[in-house]
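Got your viewer open and a free hand on the mouse? Let's take a walk through this one, stop by stop.

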Amino acid sequence: MAGSRRDFLKTAGLTGGLLASGAAFGPAAAFADPWDQVPEILARIVPPKFPDRVFDLRSFGAVGDGKKDNTKAFAAAIAACTTAGGGRVLVAGGEYRTGAIHLRSNVDLHVAAGATIKFSSSASAFPAVYTRWQGIECVNFSPFIYARGQTNLALTGAGTIDGNAQAGPWFDYDGKRGPDWDRLQQMAVDGVPVTKRKFGAGHYLKPNMIQFYACRDILVEGLSLRNPAMWTVHPVLSKNVTVRNVKIHSRGAMVDGVDPESSADVHIHHCSFDTGDDGTVIKSGRDTDGRRVGVPSESIVIEDNDYYGRWGAITVGSEMSGGVRDVFAQRNRIHAGSSYKAFYGLYLKTNKRRGGVIENINVRDLSGGPVDRGAIFVDMNYSLTGPGFGDIVHPVIRNIDARDIRLDDSPFALKIAGSEESPLTGFRLADSAFTNIDTPKPQISNAKNVVISKVTVNGKPI
């Protein structure tokens, strides 16, 4: 049904300006409720299962004393597990220091209650691999936990995975990465083969914490994930992904919670995000390189999560050049965190270098507060300062639907900053209430077919 809907939108177009309460939502009114797609999506998302075999990490020489380097023990246990046809690698009782862990097919890495995997503070413990860095493919430091081209994978348990990033060099890299980041962006524009875009040792592009690259049938469940250097859970070009009952705590720059990128059939639910950057954020590659790969993120369900800050709770972008579509977020809650406030409740961000299409983003039952910078913000002019790389390719945003939004204590309820050259087309806000809002009137520019229906701000209808 989603495909036929998009085809109709292309041929019929969306027109009009800011419509009165109760007006029809353009061509979308001809279709059933978009939420009717969710049961079909969830039916496709099936967490992996594993044979009843246990490979105790301690049997491979590991010692959980917080001192011994257990990198070889992790590699040996994972290799034995996958060679045997799969099962569980058990991490039990203690603190296990290690360098990079590379997962393989049919392995459930299970961190039991009372156990901690704690990563090395040395950059040399993370050898270079094929990865994506802020939406651009390259060879860079291995993510702390990494898999590429694998099937049937899990990280489970009631224990802790601690990136230990503050003890390493990673946050010092933030002020030094400029030349490397500029060089990587220029390499993408120049069409340099990915395997020749070499960074890692001697460079300053810090690694993600957990990355599944071109994998499928993935489960991350039950764990406490703490102290990443960069994005915490990052499925790339992956399919059939479940992240559930996970607690994420991060501080610093670029330390998002869960970032599905160019991935499909993803279910993120019953998680807690106490993050120093976006909580759940959908991506699909950046600028020239994102368009070259050209794989969208789609069929993503985000529900029953708690957000304690910072930046956006439900976020799309800004790396969205491959496209993002069919995202559904419901029953999510925003809370005042211990050290942060959420900056935005629903946050879509892109700019005129991204290209790509964001469409069919659906959010309902988003509640709580405070929201420090704005309740709902669509920004098509995000981060345009600094050097530009590659051609200007205007993005498209269309068919955004927000319902039953109940957010408190924010500078504004709704702001749409569309692009002059490619205005946002099709936005509905309905059945919602915003309280303690500094600027009650919606701030809307360069947007067509915006519908506001049965919405109050500070107790008054708009």
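## First stop: facing strands

Select I376 and look across to β31, where L414 stands opposite. I376's neighbourhood is part of a strand pairing: β29 (residues 371-379) and β31 (residues 414-417) run in the parallel sense, joined over four bridges. Strands here are DSSP runs of E at least two residues long, helices are runs of H or I at least four residues long, and both are numbered from the N terminus. Two strands count as paired if DSSP finds at least two bridges between them.

Now slide along β31 to A417, which has S445 of β33 opposite. Strand β33 covers residues 443-445, and three bridges join this strand to β31, again in parallel.

A word on what you're looking at: this is a predicted model, in which local features need pLDDT of at least 70 and side-chain atom pairs count only at pLDDT 80 or more, while totals for chains, interfaces and linings use all residues. Residues are numbered from 1 along each chain as its sequence is written, and side-chain values use heavy atoms, with hydrogens and water left out.

## Zoom out

Show the whole chain as a cartoon. You should find six helices and 35 strands. The radius of gyration, taken over C-alpha atoms, is 22 Å, close to the 23 Å that the globule rule gives for 462 residues, so the chain is as compact as a globular protein of that length. That rule is 2.2 Å times the number of residues to the power 0.38. Along its principal axes, the C-alpha trace spans about 70 × 45 × 40 Å.

How much of the chain is buried? Of the 462 residues, 59% count as buried, meaning under 20% relative accessible area, with exposed being over 50% and partly exposed in between (1.4 Å probe, protein chains only).

Next, colour by pLDDT, the predictor's confidence in each residue, from 0 to 100. The chain's mean is 93, and 93% of its residues reach 70 or more. Then select residues 1-31: the pLDDT there is below 50, and beyond near neighbours in sequence this stretch has 62 contacts in the model. A contact means heavy atoms within 4.5 Å.

## An open sheet

Pick out β6, β11, β14 and β17. These four strands form an open sheet in that order, and the pairing is parallel. Which strands stand at the edges? They are β6 (101-102) and β17 (233-236), each with a single partner strand, so one side of each is left without a neighbour in the sheet.

Zoom in on β14 (residues 210-213), which four bridges join to β17. Click Y213 and you'll find its bridge partner in β17, V236. While you're here, a handy thing to know: in a regular strand the side chains alternate between the two faces of the sheet.

## Salt-bridge hunting

Turn on the side chains. A salt bridge here is a side-chain nitrogen of Lys or Arg within 4 Å of a carboxyl oxygen of Asp or Glu, and a search of the whole structure finds 29 of them.

- Select K206 and D174: their closest N and O atoms are 2.9 Å apart. K206 lies in the loop between α5 (178-190) and β14, and D174 in the loop between α4 (170-173) and α5, so the pair ties together parts that are 32 residues apart in sequence. K206 counts as buried, at 1% relative accessibility.
- Move to D289 and R292, which meet in a salt bridge at 2.9 Å, N to O. Both sit in helix α6 (residues 287-293), three residues apart, about one turn of the helix. D289 is buried at 1% relative accessibility, whereas R292 is partly exposed at 47%.
- Try R428 and D401, with closest N and O atoms 3.1 Å apart. This pair links distant parts of the chain: R428 is in β32 (residues 424-439) and D401 in β30 (residues 396-412), 27 residues apart. R428 is partly exposed at 21%, while D401 is buried at 4%.
- Finish with K283, R286, D287, E319 and R354, which salt bridges with shared partners join into one network.

## Last stop: G368

Select G368 in strand β28 (residues 357-368). Is G368 buried or exposed? G368 counts as partly exposed, at 27% relative accessibility. Leaving out residues up to four places away in sequence, G368 touches I334, R406, L407 and D408. For a final distance, pick Y347: G368 and Y347 are 21 residues apart in sequence and 15 Å apart in space, C-alpha to C-alpha.
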